[in-house]
Structures are given as structure tokens and as C-alpha cells.
There are 2 protein chains.
Amino acid sequence: MAIDYKKELETAAKNMILVHEPHVLIKMIVRMLVQKVKITHAGILLHDQQRDTYILTVSRGPSGIKIPAGFARIDSDNPLIRFFKEHLDRKFFEFSAIIYEETGKLLKKKIDEDTKQLLKQVLYQMEIFQAVVCIPNYYRDELMGVVFLGEKKDGKRFSAKEIDFFIAVGSDVAMAIRNAQLFSELQSELDKKYRLFIHTTVALAAAIDAKDHYTHGHTARVTNLSLEIAKKLGQKDKKLIDEKFLERLHISGLLHDIGKIGVPESILNKEGPLTDEERKKMREHPLVGAAILQPIKELEDSILGVKYHHENYDGSGYPEGLKGEQIPLIASIISVADTFDAMTTDRPYRRGLSKQEAVEEIKRVSGRQFDSLIADALIELYAERKI
Amino acid sequence: MAIDYKKELETAAKNMILVHEPHVLIKMIVRMLVQKVKITHAGILLHDQQRDTYILTVSRGPSGIKIPAGFARIDSDNPLIRFFKEHLDRKFFEFSAIIYEETGKLLKKKIDEDTKQLLKQVLYQMEIFQAVVCIPNYYRDELMGVVFLGEKKDGKRFSAKEIDFFIAVGSDVAMAIRNAQLFSELQSELDKKYRLFIHTTVALAAAIDAKDHYTHGHTARVTNLSLEIAKKLGQKDKKLIDEKFLERLHISGLLHDIGKIGVPESILNKEGPLTDEERKKMREHPLVGAAILQPIKELEDSILGVKYHHENYDGSGYPEGLKGEQIPLIASIISVADTFDAMTTDRPYRRGLSKQEAVEEIKRVSGRQFDSLIADALIELYAERKI
């Protein structure tokens, strides 16, 4: 066998360990086999533990390949799978792989009828895959997959040594697949936990929101609008907005009015304008919200949005009267979204503005109440009919 | 070289890919080297990316070993590390490994003064480790670690072929370490997300709790007591309580009174007994809580505790008047903990009971209001002075 491709294949097999997405890994292995071993095509049947079936991934083969287009899964009682699962009697097989030609010869010998029937089915399956060799990939006692190889491009047969080598590579493949599966399980566990966190926060924030009868759905709308504004800013300046920032903004939007839990219902739901005393109480909500969340170290950056979403660009806002660049970006974005939503929502004592009117008003106070960069992003979104 | 240990070591190196805790992996590698290669001792210097130092793990060596006990880290400007990082001129070195004896000879040859100085320091470092060979573990261009080997037990030298083999194993080691690091990063990401979820839930639940002026800290106490009761039940019957159950109970405890957000403050904070109408409103809180959380699929099991924590064993509770085994275990546990905390808390119109009195009362209604199995667990916790 050509020693050069062996070395290359060994190195490639090692490197695949760090590919942690099972389907990417499988494609890589198939491509690698075809390129390095110089065969017409190759494929893998990969065990799907949850459904106990085997998923087929196959390289683009020669025109005559018989695998139907939609044929992407085979059952675990397929003869090929059964053969490898049942660890058939080794006395008939020199290798733990199946070689089409050798197996054909075996059928003419005196073997028991059950084995003969199974082998016939196995060979038929190999014909469908146009496979010359099938190599099982075991991890411990589990059949993780089956690799199959088409003919060599030079038309020669695989040597015994080559088959032996593929079996060794097969165990690397099994290990890599197992590793990738564990990785992707952990990754989906992570996604699940994050969704749980977001959904619970959405539910609790909405419940608190509901205490304020006039602002039904306010939190969800402000969160969405804030994210739209941030993405628009990101189009203009990629360095300004990254995934992490969007994540923090998402959380901050959901929690921005959480401090209203500390404002008495009588003030929240009062019809008509508030007295000075009541307004003072109402204006405590950013600080109350920040105080509620302050013990949560991971929310440090999101808390800035909660605490400062009522600051104004010209320093006329609260709680601290911050000015211009002193106001964290996350808070400036929520501020614009919050104001826009408040203006366009009906109250018992006044009808909400139309979006057109609200945008005009945002334009008017841009550079004073709002950072014009962010006000402009909202104005553009409106011009593009995205809000 | 003895071909048998080579095969074994290769297999072992492959299997280590599925060890995903870096420090366990390192110990395994060191033990494997000592056992399979039959050397006096072995060690690894593992790169700690965050602190840019190298952590030393070493097998128990011969009595004379010179490594001081607390000497667990070396700086990245240590000569040994510098040597491998700087990929020293290959013309002096047959292998990319350092062999003590060969390197000693090199010093007598004509080499530039800087290299000579560095090599002297390298050899001094190897003396401290009593190392005969040092093998670098590169992953791409990064020096992941350095493996060092003590003398062979039979006193013989390592052959050139053996050194070559160790270099190959070294690349497996680097890959395994990198893989384990990625895995443990993902795992700690997962832990972080879960903590974020719990902490945010704690903060929001506490904020809602605070609306009810009379029950300060109630949610936290009920959650803790519920977990204690569950653990006690688990001591008696391991099948009843597993980690997953404790996780669900934790969340359920934190959220059990979340529905109080729907009860007007005037009722929550009323001094003196409630009217029928007010009591009816108050008694809606389990259903309101369940409705708030209902969209969150992952909380399905925890919601049962929120919805049914006011059911009684004899069917006299609310909202559904469930009886006995119809009441989910999670709800029965929270029910006992909730009642105990309510009884022992002062209200403006009555002083709370002492713990002794409350336990007596729980005993009295056990089998009627409460499942006696769970009441007994609380009674035992009290007897053991754990509550």
C-alpha cells in the first residue's frame, strides 16, 4: 500500500477529534477517504441513538450509484447492521470488516443456512451502496457506525494490509464520533439552559408588567425594538455591536422595568397625571431594578440598561443626570425604544401618537434627549418600514 | 523497543480522548507512561491559558526526587518552556525532544553563547525533574504541555526509535488535552448559565415576595426547607428522590408564590383577617402562578409544585381539591414547608408559633392535611435539630 496516504490519513484521523459537530465530522471523514485513498466514493452509516436508526452520509459517487435520493436512514435491523452488531463467527472472516469478493466466495462453502441468508442480504445491501469493503466503527461494545468504500480508481483490489489499516482508522472514527456526540449533547444542554433562563425571565417580567395596566406588552415590545435598533447600528459599525452585546441587551430589555415592582399599584394605575410625590416614587424604578439585580454578577452589563434607561443625552434625565458618552450604549438604546413605545401606546387620559408622529417627535429631540446616532437608527428602521 | 508496550500505549492514548476533565486526563497520562514504559517516574507540565503558566503534575518518583512539595507551577519564561516555544535551531537536535545526555554533549561543541546558556539552564531544570527526556506537546503552534520521563527501570537508554514514538504519542496527548479543555470550557459555560437562571429567579421571586410585607424572606426559607425535606426522604428511599427532582424542587420552591403578583397589594398587606371575597382572590395565586409559567415547557414538572402547593392530603385544599396520591410529591413537600414557615412567622395581628409548637401542629394534622410520610420527614429534621 502507498505509505504516503497512510501517514496523511492517520494525521487527518487524529485532527478530526477537534471537530465537534457530528454531521460536519461525518462529511469530513467521507471526503477525506475519497481524496486520500483515491476511491470512486465512500459513505458512513452513523448511529442515531435517540431513534436507533443509522443515518447515511455518502460522497457524490459515480453516475451509476444506486442509492435513491431520499434514502437517508436505514433501520437497525438492516442486514449490514445486524451482521456487525451480532459479531458474527470469526472463523469465517479473516478481518472484522466485510470484503465483498471474499464474502461472495464464502457463500459457496458449507455454512449454516441462517448465516448464508444473512450474508446474501448483506451483499445485496453492499451492491446498493456499490461498496467493496464495509468497516465497522465500534466504541466499546456499541456500533457507532459503518464506513463503506467504493472501488479504487485504479481498479486494483484492496490488500489485506490496507484493510487492516482501515480497521485501525475505523476505531479513530468511532472515537471522534463519540466525542463529537458528547460535545453536541453538552452544547444542546447549554442552549436549553439559556432558553430556560430567557423564558423564565420573559414570564416573570411580563407578570410584573401586567401590574401596570396601561402598558400591556410594553416589555416585550421595548425588548424587540431595542434589538432592532442595535442590529441597525451594527450594520453601520460592526465593532459597536457583537453577539454578546445583543445577548446582554436582550436581557436588559426584558428586565428594564423590573423595578416597578417597588412602585405601589395606586401610583402605577392612577388615571391622570401624577403628583410630585408620586412622580418621585415612580422615578425610583430604575434604581430599584438595579438593586434587585445587583447581586447577580453575570448581569453586570445588563444592569446598566436597567439603571440608566431614563438618562437623557443632555443630562436632564434621572437617576444620575449622566450626559452624552457617560450614558452606557445599552441604556441609550433602551431609552429610545422605551420612549417610542410609550408615545405610541394609548393611555386612559390620552390617545397614543401614530408611529409617524412619534418618529417626528424623536427627530425633534434627537441630540438633546437622545444620542442622535441611536435616534437615527430608529428613524431609518421606520423609513424602511421595519417598525 | 518492545513492540507490545508500544501497541498498548497507542491504544491508551486513543482512549484518553474521551476523558474530558483536564486534571483527570493528565494524571491518567502520567500513570500510563510510568506503568507501560516501565520508568521510575514521569510528569507533565500543562499550559494554563488563563494565567499563562505551566502546571506540574508528576508521578510519585524515587525517594531522591528533587521537586519541592509546593512547586506546582512554573512560569512560561522557564528555560524548558522557552526552549520549546522558540523552536530552537534544528541543526543541533536530531529530534524535537530533548535528551539529557545528547544535549550535554552538545555543550562541548561550538555553538553560540546564548544557546549555550539556555541549554545549561534547560539541563539544570531537567536535573530538578530528574528527567532523561522531555517531549513537547504542540497543538497547532501552541505548546500545550511538556511530557518528561525519568530513567528506565532496567537502567537502559531510550533508543532513537523509542524517542520518535514518544513524539508521536505526544501529539495525541496534545490533542486530548485540547479536547478536554474545550469540553471543560463548555461545561463551565453550562454551569454559569444555570447559575444565572437560578440567581435571576431568586432575585425576581424575592422582589415579588417583598410586595407581601408580612412574609419577608418566605420564598427563600420555603425553598431551603423543601430541599431539606426532600433529602431526608431520599435517605429513606433513594428511588424517590434524585438530582433531577431536587433541581425541579429548587425551581418550584423559588416560584411557588409567584402568582401573588396577581393579588392586589391591598389584600396582600391587609391587617387582620380577610373577607370571603378577598380570601377568594388570594386563593387564586396557585393558578395564576401556574398560568404565568405555563408557556415554559422546561418547567412542566416544577409548575406542579406551584399549582398544587395548597392541596391537602384529605382533599380539603385548593384549587382542585386533589386527594392523597393525586397530589404530586413536589407539591406535597412544598405544602408542608410552606405551612411550617407561615406558622412560625410573626404577623401584625398574631405572633408566630415556636418551632416546637409548629412541629406539634404538623404532627396533629399529619395524615389529614399532610401526607404523613412528608410530615414525618419534617418532624425528624426537627428532632435532629437540622431546622
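This section describes the chain arrangement, the sheets, one helix and the unusual backbone geometry of a predicted model.

Two copies of a chain are related by a rotation about an axis and a shift along it. In the present model, chain B is superposed on chain A by a rotation of 180° with 0.1 Å of shift along the axis, and the RMSD is 0.2 Å. That relation is the one expressed by a two-fold axis. The contact comprises 35 residues from chain A and 35 residues from chain B. On the chain B side, α6 (160-209) and α11 (285-293) each contribute at least two residues, and α6(B) gives the most, with 22 residues. By residue class, the side of chain B that touches chain A contains 20 nonpolar, six polar and nine charged residues. Because 100% of the interface residues of chain B are also interface residues in chain A, the copies meet through the same surface.

In chain B, six strands form an open antiparallel sheet with the order β3-β2-β1-β6-β5-β4. Its edges are β3 (73-75) and β4 (98-99) of chain B, each of which pairs on one side only. Within this sheet, β5 (residues 133-139) and β6 (residues 142-149) of chain B are joined in the antiparallel sense over seven bridges; Cys134(B) has Phe148(B) in β6(B) as its bridge partner. Helix α2 (residues 22-37) of chain B packs on the sheet through β1 (42-48), β2 (53-58) and β6 of chain B, and its direction makes about 155° with that of β1(B). Helix α6(B) also packs on the sheet, touching β1, β4, β5 and β6 of chain B, with an angle of about 45° between its direction and that of β5(B). Thus α6(B) both packs on the sheet and gives the most residues to the side of chain B that touches chain A.

In chain A, the open sheet is likewise formed by six strands in the order β3-β2-β1-β6-β5-β4, with antiparallel pairing. Strands β5 (residues 133-139) and β6 (residues 142-149) of chain A pair over seven bridges, and Ile135(A) has Val147(A) as its bridge partner in β6(A). Helix α2 (residues 22-37) of chain A touches β1 (42-48), β2 (53-58) and β6 of chain A, and its direction makes about 155° with that of β1(A). Helix α6 (residues 160-209) of chain A touches β1, β4, β5 and β6 of chain A, at about 45° to the direction of β5(A).

Helix α13 (residues 329-344) of chain B has 16 residues, which at 1.5 Å a residue should span 22 Å; the end C-alpha atoms are 23 Å apart, in agreement with this value. The helix is mostly covered, with 12 of its 16 residues buried. Among them are Ile330(B), Ile333(B), Ile334(B), Asp338(B) and Phe340(B). The cover over the buried residues of α13(B) includes α7 (218-236), α8 (243-255), α12 (300-308), α14 (355-365) and α15 (372-383) of chain B.

Most residues other than glycine have a negative phi, and most peptide bonds are trans. A cis peptide bond joins Tyr318(A) and Pro319(A), with omega about 5°, and another joins Tyr318(B) and Pro319(B), with omega about 10°. Pro319(A) is placed in the loop between α12 (300-308) and α13 (329-344) of chain A, and Pro319(B) in the loop between α12 and α13 of chain B. Arg385(A), which is not a glycine, has a positive phi of about 55° and lies in the segment after α15 (372-383) of chain A. This residue counts as exposed, because Arg385(A) has 7 C-beta neighbours inside 10 Å. Lys38(B) has a positive phi near 55° and lies in the loop between α2 and β1 of chain B. With 12 other C-beta atoms within 10 Å, Lys38(B) is exposed.

Conventions:
Residues numbered from 1 in each chain as written. Chains lettered and ligands numbered in written order. Predicted model: local features only at pLDDT ≥ 70, side-chain atom pairs only at ≥ 80, totals over all residues. Contact = placed C-beta atoms within 7 Å. Helix = DSSP H or I, 4+ residues; strand = E, 2+ residues; numbered from the N terminus. Nonpolar A, V, L, I, M, F, W, Y, C, P; charged D, E, K, R; others polar. Pairing = 2+ DSSP bridges. Axes fitted to C-alpha atoms, helices over the stretch in contact; angles between N-to-C directions. Least-squares fit on C-alpha atoms with pLDDT ≥ 70 in both. Expected span 1.5 Å × (residues − 1). Buried ≥ 20, exposed ≤ 12 C-beta atoms within 10 Å, placed from the backbone.
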